[in-house]
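Reader: I would like to go through this structure with you. Short questions, short answers, please.

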Amino acid sequence: MQNPGSVTPERFPAQDRFATGAQYIAGRPTKGTSGRTHAVVDPATGDEVLTYELAGTDDVDAAVAAARAAFPGWAATTPGERSDALHRFAAVLADRAEEFARAESLQCGKPLKLTREFDVPGTIDNTAFFAGAARHLQGQSAGEYSGDHTSYVRREPIGVVGSIAPWNYPLQMAAWKILPAIAAGNTIVLKPAEPTPLTSLLFAQAATDAGIPDGVINIVTGTGKEAGEHLVGHPDVVMTSFTGSTAVGKRVAEIATATVKRLHLELGGKAPFVVFDDADLEAAVHGAVAGSLINTGQDCTAATRAYVQRPLYEEFVARTAALMETVRLGDPFAPGTDLGPLISHAQRDRVAAFVERARAYARVVSGGQAPQGELKNGAYYLPTLVADAAQDSEIVQSEIFGPVLVVLPFDSDDEGIRLANDSPYGLAASAWSRDVYRTNRATREIKAGCVWVNDHIPIISEMPHGGYKASGFGKDMSTYSFEEYTQVKHVMFDNTAIARKDWHRTIFGDR
């Protein structure tokens, strides 16, 4: 692995941890064997952070073999032992919080204040949550439902899990996939996205330092086409968890079907932000700006479609545009930066193309271009507000994954809810009103895995995250996620020899 020397130790204090390779198999960092390399690039400057050797199929096979070898021992540990290990893990993460925050900011372009206050604390909290959840892997007593037989349900680990994480929240997505799996007694092979492997590798190293056995957590950093597809199709992988686009999710499902794998898919989103005419307008405007620009809009739950009841529409547009113009773009490591770059120049160009095409049929109220000056070398794009687009237009229906909010008017409550549901996606939504009956109706009728009321974007470890419709199925976080990484077994006891004899007589007669 090579470091070109353009990134200072202050920005990347963990760089020495990557000297021996960007794969982590059986408790040890190794180099990939594909014969190809990939560069991690700081999207704020375009500078290379490091270049690493990509994993090939042999590395995936080695990682799966390590996970399979570790499974019997890890599955046999008691819930208390797994809980203790995860509590130690949380403590190691807390000790290294600044190291994780800086690595995440560097590879993603996130403002350091975001990784310090959101990504890293959220990951530590998730680890602590699953440390507690590990002690509550409960079956269920079913009692005597069939004569003199007693039934109960066991929840058991399922085996080796193969997971694929995206580049927008690499640390949190690694945690959301690894923690429930290992808390339930499984072992795992995770493939992070090629641009953002740093914090996933640090996460696995921290787990080893916390005493989690070798092979329980393995990381392979390769391409989706080679390493990812091989992992999904591997016969020794019994479950696949994938977070990413709906198009790639369909391909993952296709491959997994061949070996009848369990699937967990968290896919795209196009979250509606519904503002009724009695809403607190100031709160809604601030919520829209924060909810649409979180992580530079690279968030599948980000507010992307604002539907505003007509009496508030023009004022909402004007005030939202004005507030967006106060957002400060800059160096992710500078204290005053509100918004960092997109993940790459290619992603910036993709977002810009959506906006340019929209000029033919909608009004670009603010933003709509890349900044110049000292930010021109980074993958920056100004916060952008688009108004008056048609409901069936590309910019309303397609996932843009950038700092772009589209605003449309509606008249009746029925229309607002209908428009909110008029999307193939159903991951998240929000409803803004002072009227509890209106918001209660919205939370009931909007088809999304999460509906916020008078807020948009907060998540907590205790509650599930996952979608409806083309946004996939399966839940992250919470005990709902924990249970997805288990299999259910019915156990039935015959309580009396007489009952057994009578049962046999019923089947075979007297013999």
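Reader: Is valine 64 buried or exposed?
Author: This is a predicted model, and the values are computed from it. Buried means under 20% relative accessible area. Valine 64 has a relative accessible area of 0%, so the residue is buried.

Reader: Which helix holds valine 64?
Author: The helix in question spans residues 57–76. Valine 64 falls inside that range, in helix α1.

Reader: Which residues does valine 64 touch, not counting residues up to four places away in sequence?
Author: Three of the partners are valine 160, valine 189 and valine 237. The others are Leu231, His234 and Asp236. The full set is therefore Val160, Val189, Leu231, His234, Asp236 and Val237.

Reader: What separates the C-alpha atoms of valine 64 and isoleucine 446?
Author: Along the chain, these two are 382 residues apart. In space, their C-alpha atoms are separated by 40 Å.

Reader: Where is glycine 162 found, and is it buried or exposed?
Author: Glycine 162 is in strand β7, residues 160–164. Its relative accessible area is 2%. The cut-off for buried is under 20%. Glycine 162 is therefore buried.

Reader: Which residues does glycine 162 touch, leaving out those up to four places away in sequence?
Author: Val189, Leu231 and Val237 are among them. Those names also appear on the contact list of valine 64. The list for glycine 162 is Val189, Leu231, Val237, Met239, Thr240 and Ser241.

Reader: How many disulfides does the chain have?
Author: A disulfide is a covalent bond between the sulfur atoms of two cysteines. The cut-off is a pair of cysteine sulfur atoms within 2.5 Å. By this rule, the count is 0.

Reader: Why is cysteine 108 not bonded to the closest cysteine sulfur?
Author: Cysteine 108 is buried, at a relative accessible area of 4%. Its closest cysteine sulfur belongs to cysteine 300. The two sulfurs are too far apart for a bond, because the distance is 14 Å.

Reader: Which cysteine sulfur is nearest to that of cysteine 300?
Author: Cysteine 300 is in no disulfide. Its relative accessibility is 11%, so it counts as buried. The nearest cysteine sulfur is 11 Å away, in cysteine 450.

Reader: Where is serine 481, and is it buried or exposed?
Author: Serine 481 sits in helix α15, residues 478–484. Its relative accessible area is 0%. That is under 20%, so serine 481 is buried.

Reader: Which residues does serine 481 touch, not counting those up to four places away in sequence?
Author: Phe130 and Pro180 are two of the partners. The list also includes a lysine and an aspartate. These two are Lys475 and Asp476.

Reader: What is the phi of methionine 477?
Author: Methionine 477 lies in the loop between β21 (472–473) and α15. It is buried, at 2% relative accessible area. Although methionine 477 is not a glycine, its phi is positive, at about 60°.

Reader: What is the phi of serine 478?
Author: Serine 478 is placed in helix α15. At 0% relative accessibility, it counts as buried. Its phi is positive in a residue other than glycine, near 70°.

Reader: Is glycine 46 buried, partly exposed or exposed?
Author: Glycine 46 is in the loop between β3 (37–41) and β4 (48–53). Leaving aside neighbours within four places in sequence, it is in contact with Val41 and Asn377. Buried ends at 20% and exposed starts over 50%. At 37% relative accessibility, glycine 46 is therefore partly exposed.

Reader: What is the radius of gyration of the chain?
Author: The chain has 511 residues. A compact globule of that length would have a radius near 24 Å. The chain agrees with this, at 25 Å.

Reader: How many helices and strands are there, and what share of residues is buried?
Author: The chain has 16 helices and 22 strands. Of the 511 residues, the buried share is 58%.

Reader: What share of contacts joins residues at least 24 apart?
Author: Take the contacts between residues at least 6 apart in sequence. Among these, the share joining residues at least 24 apart is 74%.

Note on methods:
Residues are numbered from 1 along each chain as its sequence is written. This is a predicted model: local features need pLDDT of at least 70, side-chain atom pairs count only at pLDDT 80 or more; totals for chains, interfaces and linings use all residues. Side-chain values use heavy atoms; hydrogens and water are left out. Helices (H or I, at least four residues) and strands (E, at least two) are DSSP runs, numbered from the N terminus. The radius of gyration is taken over C-alpha atoms; the globule rule is 2.2 Å times the number of residues to the power 0.38. Buried means under 20% relative accessible area, exposed over 50%, partly exposed in between (1.4 Å probe, protein chains only). Contact means heavy atoms within 4.5 Å.
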